[in-house]
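Dear colleague,

Please find below the structure that I am handing over to you. A short account of the findings follows it.

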Amino acid sequence: MLKIAICGAGNRGTGYSEILLKNRTRGQVTAVADPRDFYRDGLGDKWHIPPEKRFSDWRGLLNAPKDADAVILSMPDHCHSEPAIAFAEAGYHILLEKPMAPTLAECEAITEAVGKAGTIFGVCHVLRYTPYYQILKKIIDRGEIGEVRGIQHLESVVYWHHAHGFVRGNWRNRKESGFILLTKSCHDLDIMNYLVGRPWRAVSSFGGLTGLNHAHRPAGSAERCLDCPQAVESGCPYSALKIYWRDRAEKGDWKWPVDILTGVPTREALFEALRNGPYGRCVYACDNDVADHQTVAIEFDGGVFADFTLTAFTPLGGRRITSIFGTAGMIRGDGVKLDISRYLDDSSRTIDTAAGMSGSIADGHGGGDAGIIHAFLDAVESRDQSKMLSGPEETLESHRIVFKAEESRNKRQTIFFSQGQPQKEDLLWKQREKFSH
């Protein structure tokens, strides 16, 4: 039975711990590191971890006598590279929460470190491990719709989820966490890269903070939802009272996202968090600067073109909507069902890949959370890196697309590539501009 340490006992670390609890015969959590007493002890108590193996900092775990085979790193994004490199050098197998790191240079440093160490390494691009995307990948690879020519992919973040994580929450500000294409949608550019399975050649992106900002603040609104006039608050879909209290906690639902505000399931504790914490602020009066709508266009080798849209302005319940266009037919999927239509023989069929699952964080990302834990355990037990679909090289390649897409958005120009590496972009861009005029 493998011994596993967890650094970061928040939502993701605890979630992975719960999956391991259901598979005690394969893996046991023997140590935990988290600066917050409540979360550290909550996870520690579930696993009966002794006090001397509960650390307030990952360095304490690293410097203690090695008593684990692997470590799950589920800390804030900006804390990934230093511990990932350090634990690799110490001989730990590593499962790292996405994104890999907030800069491309750090991603490359992590990849180099785990390569030198020879440890098993995976990044939590959990979509690759879901039944839905595994079935979709097989349909594409066996040529059921012919050769793929295009992909349209939509990530509907959902209006209240975007407000929770990217306006009020930890990923609202680029300086404190990163840009939203990395912190949220590296999943999506990774899965598009996985489905196409070809080198990418060029990327272009547009987007910005278009609605959830000070310019759109309703007249008469307050700094906090608890202080907002009822006439304004009751009509606001982003009201913290509505999202956390009326729609959830008041009905007895204290799970995510409510448990992010407080670990104590009482009205008093929740209202205290809304009164003084970041999640009670008016969405139009926060310090958020990440995009709430963004599009990305990618050219892959062999004439395959992909379009991705990330948007906060949808009620679609976190669904990812994907259309794949081939020379013999097309596929349309919503994260659960796949509708396959072949126009060569006028046939069609529907596959329900995971009945009752939405593909969101609420149900373990459609089985992806459990899928990656089992894949990681398999890889470590067999010392076979190929069992990880999201290893260092695969992740680095898809992260490069993410970073270059954001560069394109900021520069407002297409970024061109050759074999995954930047070409002399300025000359190519000037030539394209010349001919377009």
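A salt bridge is taken here as a side-chain nitrogen of Lys or Arg lying within 4 Å of a carboxyl oxygen of Asp or Glu. Please bear in mind that the model is a predicted one. Across the whole structure, the search returns 39 salt bridges. I describe several of them below, followed by one strand pairing.

One salt bridge is found in helix α5, which spans residues 104–117. Here the side chains of K116 and E112 meet, with 3.2 Å from N to O. The two residues are 4 positions apart, about one turn of the helix. K116 has a relative accessibility of 69% and therefore counts as exposed, the threshold being over 50%. E112, at 46%, is partly exposed.

A second salt bridge joins E144 to R349, and their closest N and O atoms are 2.8 Å apart. This pair connects distant parts of the chain, with the two positions 205 residues apart. E144 belongs to the loop between α6 (131–141) and β7 (148–156), whereas R349 is part of strand β14 (residues 347–352). Is E144 buried or exposed? Its relative accessibility is 14%, so E144 counts as buried, the limit being under 20%. R349, with 37%, counts as partly exposed.

A third salt bridge is formed by R217 and E223, where the closest N and O atoms are separated by 3.1 Å. R217 has a relative accessibility of 27% and is classed as partly exposed. E223 is likewise classed as partly exposed, at 48%.

Salt bridges also link four residues into a network: E155, K184, D188 and R320.

Turning to the strands, β8 comprises residues 200–208 and is mostly covered. Of its 9 residues, 7 are buried. Which strand is joined to β8 by 8 bridges? The partner is β9 (residues 293–300), and the two strands run antiparallel. Within this pairing, A202 has E299 of β9 as its bridge partner.

In brief, the salt bridges described include one within helix α5 and one that links distant parts of the chain, while β8 and β9 form an antiparallel pair.

With kind regards

Technical notes. Residues are numbered from 1 along each chain as its sequence is written. This is a predicted model: local features need pLDDT of at least 70, side-chain atom pairs count only at pLDDT 80 or more; totals for chains, interfaces and linings use all residues. Side-chain values use heavy atoms; hydrogens and water are left out. Buried means under 20% relative accessible area, exposed over 50%, partly exposed in between (1.4 Å probe, protein chains only). Two strands pair if DSSP finds at least two bridges between them.
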